[in-house]
Amino acid sequence: DKLFLERRPPADIIIIAIDDKSLTEVGQWPWPRHVHGQLLEILKEVQPRLASWDINFFESSWLGTDDDKVFAQALKNTPSILTMQGVSLEGRPNQIFETDFLLQPIDVLKNEAIALGHINTLVDDDGVLRKIPLYIKYQDIYLPSLSLAAYGYLNNFEVIQQANPQSVLNQLGLKENNLRINFVGSPGKFPFVSYSDVLNKKINP
């Protein structure tokens, strides 16, 4: 979006990409859960502050519960945030959107995550993604986005709210919940490595 100037991304964020190279080398998606566990075991060597998973784990592994348990065990050793998603959001553009149905990780994984964050987005009428809701409401709870959940964990403040989350928005210096995305630049601006290169230890952690 031309409203924001291209700039250098934060140096402490690295994307581990599920790219074509990784799909060719690891195999057809979805991958077994033990593959993700293997990745975390490798990353454990460098003790990352946080692993934020932009992958849905809403169903059990196609290989069975033992496969899920391997990943769950690895989640214990590296702070990780997993995704959730509100289905069929309802509301007005200037309000907090609500959902009556929430997709969440299976319990064995959810119980080992340090937090959950929603991955809902707001697409404009022209089909362009410009905004993200920092909160959505499910039942009587206000749930943070994946990015806000990560920010809250790394900065040690609570972001899941039982009441209107305006206090959190105020702390962040924000007036609106539906935040315009401040893109740092074109795709590929953040440093990234191929998932398979990390698995195969071609990248020095």
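pLDDT is the predictor's confidence in each residue, on a scale from 0 to 100. I started there, since what I have open is a predicted model.

**Entry: confidence**

I looked up the chain average, and the pLDDT comes to 88. I also noted that 91% of the residues score at least 70. Next I asked myself which element has the lowest mean pLDDT and which the highest. Strand S7, residues 122–123, is at the bottom with 81, while helix H4, residues 107–110, tops the list with 98.

**Entry: the big core**

I went looking for greasy residues packed together. In soluble globular proteins, nonpolar side chains tend to be buried together. Here the largest nonpolar core has 28 residues, and the members touching the most others are Leu40, Trp53, Leu82 and Leu109. I then checked which elements give it two or more residues, and found helices H2 (33–43), H3 (65–75) and H7 (195–199), plus strands S3 (80–87) and S9 (135–138). H2 supplies the largest share, with five residues.

I picked Leu40 for a closer look. Skipping residues up to four places away in sequence, I listed what Leu40 touches: Ala51, Trp53, Phe71, Ala74, Leu75, Thr78 and Ser80. There is also a second, separate core, made of nine residues, with Ile96, Leu134, Phe157 and Val168 among them.

**Entry: Val35**

I found Val35 in helix H2. Is Val35 buried or exposed? Its relative accessible area is 8%, and buried means under 20%, so Val35 is buried. Leaving out neighbours within four places in sequence, I saw Val35 in contact with Val26, Tyr195 and Leu199. I also checked Val35 against Phe71: they sit 36 residues apart along the chain, yet their C-alpha atoms are separated by 7.9 Å.

**Entry: aromatic rings**

I counted rings next and got six aromatic pairs. Trp53 and Phe57 have ring centres 6.1 Å apart and planes at 65°; edge-to-face needs over 60 degrees, so that is what this pair is. Both Trp53 and Phe57 are buried.

Then I turned to Tyr151 and Phe157. Their ring centres are 5.9 Å apart and their planes are at 70°, so I wrote this pair down as edge-to-face too. What about their accessibility? Tyr151 is at 41%, which makes it partly exposed, whereas Phe157, at 18%, counts as buried.

Last note for the day: Trp29, Trp31 and Tyr195 form one aromatic cluster. I had already met Tyr195 as a contact of Val35.

Methods
Residues are numbered from 1 along each chain as its sequence is written. This is a predicted model: local features need pLDDT of at least 70, side-chain atom pairs count only at pLDDT 80 or more; totals for chains, interfaces and linings use all residues. Side-chain values use heavy atoms; hydrogens and water are left out. A nonpolar core is a set of buried Ala, Val, Leu, Ile, Met, Phe, Trp, Tyr and Cys residues joined through side-chain atoms within 4.5 Å. Buried means under 20% relative accessible area, exposed over 50%, partly exposed in between (1.4 Å probe, protein chains only). Helices (H or I, at least four residues) and strands (E, at least two) are DSSP runs, numbered from the N terminus. Contact means heavy atoms within 4.5 Å. Rings of Phe, Tyr and Trp (its six-membered ring) pair if their centres lie within 6.5 Å; planes under 30 degrees apart count as stacked, over 60 as edge-to-face and the rest as tilted.
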